[in-house]
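Here is a short note for a colleague who has not yet worked with this structure. The points below can be followed with the sequence and the model side by side.

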Amino acid sequence: MANKYFTFLAVNQARLGYVFIYEGMAEECIQCPYLKVCHGKLKKGVAYKVVEVKDGRVECPLLGEALLVRVEPVEVKAALEVKHAIEGAIVSFTPRECSQLECQYFNLCVPTFSRNDGGTYKIVRVGEVFTCPLSGVRLVQVWLLPREV
């Protein structure tokens, strides 16, 4: 990706490969001098992965000692109806409605990252086809990358 995204993470989280979902800023962040660096380009509900740990350290009232890290949006797994699952396609993703927490496909149909309903994603890979045990709808596992981060 051409854009570079930076943020601060707690020391125990600031490691290569660590993945998190950006939840937005706390009220305490509004007056922080590091606001633009910490929250500047991150989008709420998007999953990010740490790709570089920098030398910058700050003392954060919420995190304690925090390190500057470079992050990138990460592909996330989800389920789409087979007819919409075309590799390279741009889709609007809204999680399926499901109350079957014990279902083996629940995390694909109602993924954690999907707090921003209707977000636009690029399908970067198409995987296994399966049938929803509850509705009988044919679905497929896909890997999505946020389009406009």
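1. Helix α1 and its last residue. The model is a predicted one. A good place to start is histidine 39, which touches Tyr22, Gly24, Met25 and Cys29, leaving aside residues up to four places away in sequence. Histidine 39 belongs to helix α1, which covers residues 35-39. Its relative accessible area is 13%, and because buried means under 20%, histidine 39 counts as buried.

2. Cysteines around the helix. There are zero disulfides in the structure. Cysteine 38 is in none, and the nearest cysteine sulfur, that of cysteine 29, is 6.2 Å away. A disulfide is a covalent bond between the sulfur atoms of two cysteines. Cysteine 38 has a relative accessible area of 14% and is therefore classed as buried.

3. Cysteine 98. Why does the sulfur of cysteine 98 form no bond with that of cysteine 103? The two sulfurs are 5.9 Å apart, and a disulfide needs them within 2.5 Å, so the distance is too far for a bond. Cysteine 103 holds the closest cysteine sulfur to that of cysteine 98. With a relative accessible area of 29%, cysteine 98 is partly exposed.

4. The sheet. Four strands form an open sheet in the order β1-β4-β3-β2, and their pairing is antiparallel. At the edges are β1 (5-10) and β2 (19-21), each of which pairs on one side only. On average, neighbouring strands of this sheet are turned by 50° against each other, direction ignored. Strands of a sheet pair through backbone hydrogen bonds, either parallel or antiparallel.

5. The β2-β3 pairing. Strand β3 spans residues 47-60 and pairs with β2 in the antiparallel sense over three bridges. A specific position to check is isoleucine 21, whose bridge partner in β3 is alanine 47.

6. Aromatic rings. The structure contains six aromatic pairs. In one of them, the ring centres of tyrosine 18 and phenylalanine 20 are 6.3 Å apart and the planes meet at 20°; this angle is under 30 degrees, so the pair is stacked. Tyrosine 18 and phenylalanine 20 are both buried. Ring pairs also join Tyr5, Tyr18, Phe20 and Tyr48 into a cluster.

7. A charge over a ring. Which residue lies over the face of tryptophan 143? It is arginine 125, at 3.7 Å from the ring centre.

Definitions and conventions:
Residues are numbered from 1 along each chain as its sequence is written. This is a predicted model: local features need pLDDT of at least 70, side-chain atom pairs count only at pLDDT 80 or more; totals for chains, interfaces and linings use all residues. Side-chain values use heavy atoms; hydrogens and water are left out. Two strands pair if DSSP finds at least two bridges between them. Helices (H or I, at least four residues) and strands (E, at least two) are DSSP runs, numbered from the N terminus. Axes are lines fitted to C-alpha atoms, for helices over the stretch in contact, and angles run from 0 to 180 degrees between N-to-C directions. Buried means under 20% relative accessible area, exposed over 50%, partly exposed in between (1.4 Å probe, protein chains only). Contact means heavy atoms within 4.5 Å. Rings of Phe, Tyr and Trp (its six-membered ring) pair if their centres lie within 6.5 Å; planes under 30 degrees apart count as stacked, over 60 as edge-to-face and the rest as tilted. A charge sits over a ring if NZ of Lys or CZ of Arg is within 6 Å of the ring centre and within 35 degrees of the ring normal.
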